[in-house]
Amino acid sequence: MTDRILDFLRHRRDEGPCMVLDLDVVRENYARFAQALPDTRVYYAVKANPDARVLDLLARLGSSFDTASVVEIEQVLAVGVGADRISYGNTIKKERDIARAFALGVRLFAVDSEAEVEKIARAAPGSRVFCRILSDGSGAEWPLSRKFGCAPAMAAGILELAHRLGLVAHGLSFHVGSQQRNPRMWDGALKDCGAIFRDLAERGITLNMVNLGGGFPTRYLKDVPAVKAYGQAIFRALRRHFGNRIPETIIEPGRGMVGNAGMIEAEVVLISRKSAEDKVKWVYLDIGKFNGLAETMDEMIRYPIRTAFDDDALEPCVLAGPSCDSVDVLYEKDPYMLPVSLEIGAKVLIEGCGAYTTTYSTVGFNGFPPLKSYVI
Ligand SMILES: *Cc1c(COP(=O)(O)O)cnc(C)c1O
């Protein structure tokens, strides 16, 4: 949390939960990535927070952008970024969306299947493609599982097809899982990449690029390694698997770029017990899974929560949202320690909310409006 955010909240006039994001923190994060991985281009993962002021700042700092849809491409173009700084990184695209992206000037596309290569060859002829390989996501608090990427053994065939169809077989990508707390997790995927580079070289195709994906963490309740440690581990892995021929690399940080820049202010609506013997109190906030805190799903992301009573004794509480859906419980399996003196009407500050909150809010379930967002 920053003084600028606290100051903004003190002078705020409207009410209801809101997310406030401090652009100074994004600026520092960008500088840290640039310093930790000096030879790597940054493609900010727009989905983490697509606010125009965030995109505009990152554009001015020199960032490129990883997008997942035509709307995200348009959001990036709208802040004056050239299409040559945009990657269409979703491996699941309608052919007419590929054609629209191509018409907008985008020439870099992700694939993980032959069918997607065929669509791109038809709708975006001559473009560069990179093939995403599976990564098991272990060590990540928000694993991306098996939805994206193909088995490493399939990648060479997919890129060879791209080459045959007149596309540029540009490189490989992977994502080690979001909120990846282990910097060494890049090593296994880079080993696979090295092998695929050599396999394709034998078939006469030279790959140039490895997209190292996102996964860089935000500090929530648990400590996380510094970006510098990730840079060092990645560089060592590149050396190990590519020797002196280190390819062009890019990273796609989302959470690590904006997560710690944002804070949510919410309010305690009700504190109650379910029975006289109940050991845990229930604390209901005016924000829950449906208006910004979707990443508490399965209690995966545990946000730090501050209150004005933090010096007092703590007790375990079930924390829940305001909506009339019983899945709208944030922490119950592992109750959250909150001050015994916490009161109805008190404000709580939830840290690390700059990524995956505002756009993960429903349009108005139960009449609760989408999460308000202020970028300062
Ligand atoms: C979501 C996503 C990212 C960003 O991931 P973080 O863990 O938030 O850094 C990067 N690349 C791709 C392809 C993604 O889908």
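The following questions and answers concern the ligand site, a cavity and two buried residues of a predicted model.

User: On what basis are the values for this model computed?
Analyst: Residues are numbered from 1 along each chain as its sequence is written, and side-chain values use heavy atoms, without hydrogens and water. In this predicted model, totals for chains, interfaces and linings use all residues, side-chain atom pairs count only at pLDDT 80 or more, and local features need pLDDT of at least 70.

User: How many residues surround the ligand?
Analyst: A residue is near the ligand if one of its heavy atoms lies within 4 Å of it. The closest are Lys47, Ser178, Glu252, Arg255 and Tyr356, and the residues around the ligand number 13.

User: How is the shell around the ligand divided by class?
Analyst: Ala, Val, Leu, Ile, Met, Phe, Trp, Tyr, Cys and Pro count as nonpolar, Asp, Glu, Lys and Arg as charged, and the others, Gly among them, as polar. On that basis the shell has 3 nonpolar, 5 polar and 5 charged residues.

User: What is the distance from an oxygen atom of the ligand to an N or O atom in the side chain of Ser178?
Analyst: A polar side-chain atom of His175 lies 2.9 Å from an oxygen atom of the ligand, and a polar backbone atom of Gly254 is 2.9 Å from a ligand oxygen. For the side chain of Ser178, the distance from an N or O atom to a ligand oxygen is 2.5 Å.

User: What share of the area of the ligand does the protein bury?
Analyst: Accessible areas come from the Shrake-Rupley method with a 1.4 Å probe; for residues, only the protein chains shown count as cover. Taken alone, the ligand exposes 390 Å², and the buried share is 91%.

User: Which residues line the second largest cavity?
Analyst: A cavity is a set of points on a 1 Å grid over the protein atoms alone where a 1.4 Å probe fits but cannot get out, and lining residues have an atom within 4 Å of a point. The lining has 4 nonpolar, 3 polar and 1 charged residues. They are Phe290, Asn291, Pro322, Ser323, Asp328, Thr362, Phe365 and Phe368.

User: Is Ser323 buried or exposed?
Analyst: Ser323 is in the loop between strand E15 (314–320) and strand E16 (329–339), where strands are DSSP runs of at least two residues, numbered from the N terminus. Buried means under 20% relative accessible area, and exposed over 50% (1.4 Å probe, protein chains only). Because its relative accessibility is 12%, Ser323 counts as buried.

Terms used
Polar contact = N/O pair within 3.5 Å; in protein donor to acceptor, adjacent residues only side chain to side chain. 1 Å grid on protein atoms, 1.4 Å probe; cavity = no way out; pocket = protein on both sides within 12 Å on 5 of 7 lines; lining within 4 Å. Helix = DSSP H or I, 4+ residues; strand = E, 2+ residues; numbered from the N terminus.
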